[in-house]
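Me: I would like a close look at a single part of this model, the metal site. Please take it slowly and give the cut-offs behind each term.

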Amino acid sequence: MLEKYLHAHQIEAVIIFGTAAIIYLVGAEYEAFEALAAFMEKHEALELDEAFLAVATLGIAGYIYAYRRQVERRKEIEKRLHAEDHLDWLSKHDNLTGLPNRHSLSEFVKLQEAETNNGSEKHFGLISIDLDGFKKANDLLGHTGGDKLLKEVTSRIKSHAAVNTVFRLGGDEFLVITELEKFPDTYTLAQTINAEIGKPFNIDGIINHIGASMGVSKFPIDTPILEEAIHCSDLAMYHAKRSGKKEVTEFTEAMIETNLRRSMLEQDLLSALADGHIKPHYQPLMHLASDQIRGFEALARWDRPGHGFVPPATFISVAEDIGAISDLSDQILRQACLDAKEWPGNMILTFNLSPLQLSDRMISERILNVLAETGFDPSRLEVEITESALVLDIETTTEVLKELGSAGIRIALDDFGTGFSNLSNLSKLHFDRIKIDCEFINNCSSDGKQMNIVKSILSLGKGLGMHTTAEGIEESGQLEILKELGCDCGQGFFLGHPVDACETKAFLQRHDNRYAA
Ligand code: C2E
Ligand code: CA
Ligand code: CA
């Protein structure tokens, strides 16, 4: 732009000096100066020489003024161009890390496409990086600490010589581009970066463990379109993310199909949620000493049109991924409370909360709102949580459990013995019940070791003053053993399958309900 400006001024100067030269030549041709000198001599009284001197002085002053103005203008233009350059840089870079951003990536892609069309044969390795647990670290460290963490992540990524360009595409999303000719092994590079990010970060004296899920693709090997190759590394990254193992995954063709199926599942789940098509079924919880029904566990059921029943473990985790878990859970709880109000007043309703929900500070308020809305007595509700919730976010989970407990809601520790929690959690937190996972019940009649585990859990429960429920009772032999061992409650196909609200009522009618809590 500055060059253009200079060019315009050069043309102007040529025109001005050209005009002056023409005037001079015409004047010289017709001897205008001699004529003027003679005229002035003849009319001395008019003082024309002074007048001409004044005009010449004014002309020189005008030239000096014009020159100074021009220098000023030039400086202004330079400043403006500098500001425009800076604005342009800002629009293409991330302010915090200084890395090129998504806009810059689009330009890079366009440029490479143009070069490919002109015969360039550049090959790239692409690594999509998504941090795991950044949100939690950000909450813990505050915004300034979170910013420092992101800068540190950036410098760890950039520290590898093979990393040609790094883009920051979102809060905790990065894309690394390498030149395959120079560094052909993108997967090993990704693993090295993954290991670096997996090392602890010391931010203002606070040690943070985050990690990253990463996907790798190659251009033009995986696809001859660069934009698609970036999509491929993203797909591979989502696969790594879903595995929950903070690992590196290489793109494969099959991921396209899986992704398509997954998007359709997500869409169908959202429609089912909007139309209220996900319903609770109820499985009886029997008091073993009296053979009476103690209550029912609500288990979510979704009959997906054209696909049949989808296992809750599948759609619950999809709902978590797409941020629909709270709405889904509220909907199931609301319906379950309304159904349970039709049961005898001494029956409890047990309800599952996913680990992710227990990291949500608003969860107790949501549950209490549903109870108030439906008029269901909090003392009849038992919330089941798994040990993974304690591992995921022990502070928030402890707070939530306290709030629920003080509202009169009971808490059960589900799938006991299969998670990673330690026994100290059992003494620190208050649980009303532990549910022994079906894995231990399955073979307890034939496997002495399993039997001993069941016995130990039962005595642990007794020692800590907690009720115990054995899950997955499928045979009469297992039931008899559990009765003998003094287990409080039992649940399993042998005692009753999960059925809908209508069949639950029929089940209740077939039983004599004299259970007294
Ligand atoms: P869970 O809470 O451990 O639920 C018990 C699971 O064991 C249920 O599977 C039930 O159908 C199954 N089951 C019951 N008796 C037997 C038996 O005798 N043998 C065997 N092999 N299995 C038995 P389901 O309904 O497929 O649920 C699986 C998991 O999905 C549940 O495990 C729970 O963690 C989750 N889930 C179900 N509904 C919900 C919900 O509304 N919210 C949340 N967050 N999770 C839910
Ligand atoms: Ca459960
Ligand atoms: Ca369970």
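Reply: What follows starts at the metal site and then moves to the core and the cysteines.

This is a predicted model, in which local features need pLDDT of at least 70 and side-chain atom pairs count only at pLDDT 80 or more, while totals for chains, interfaces and linings use all residues. Residues are numbered from 1 along each chain as its sequence is written, chains are lettered from A and ligands numbered from 1 in the order in which they are written, and side-chain values use heavy atoms, with hydrogens and water left out.

The calcium ion (ligand 2) has as its protein donors Glu297 (OE), Asn352 (OD1), Glu384 (OE) and Asp414 (OD), at 2.1 to 2.3 Å; donors here are N, O and S atoms within 2.8 Å of the metal, or 3.2 Å for Na, K and Ca, and since water is not among the atoms, sites may look incomplete. Along the sequence these donor residues follow the spacing E-x54-N-x31-E-x29-D. Distant parts of the chain are linked in this way, with Glu297 in strand 9 (residues 292-304) and Glu384 in strand 12 (residues 381-386) standing 87 residues apart; helices (H or I, at least four residues) and strands (E, at least two) are DSSP runs numbered from the N terminus. Asp414 also bridges the calcium ion (ligand 2) and the calcium ion (ligand 3), which are 4.0 Å apart.

Glu297 is buried at a relative accessible area of 3%, and Glu384 is buried at 2%, where buried means under 20% relative accessible area, exposed over 50% and partly exposed in between, with a 1.4 Å probe and protein chains only.

Turning to the core, the largest nonpolar one holds 68 residues, and Ile278, Leu349, Ile367, Leu381, Ile385 and Phe431 touch the most other members; such a core is a set of buried Ala, Val, Leu, Ile, Met, Phe, Trp, Tyr and Cys residues joined through side-chain atoms within 4.5 Å. Helix 10 (residues 325-340) supplies its largest share, seven residues. Beyond its neighbours within four places in sequence, Phe431 is in contact with residues including Ile385, Leu413 and Met466, contact meaning heavy atoms within 4.5 Å.

As for the cysteines, the whole structure contains zero disulfides, a disulfide being a pair of cysteine sulfur atoms within 2.5 Å. The sulfur of Cys487 has its closest cysteine sulfur in Cys489, and because the distance is 7.2 Å, they are too far for a bond. Cys487 is buried at 4%, and Cys489 is buried at 2%.
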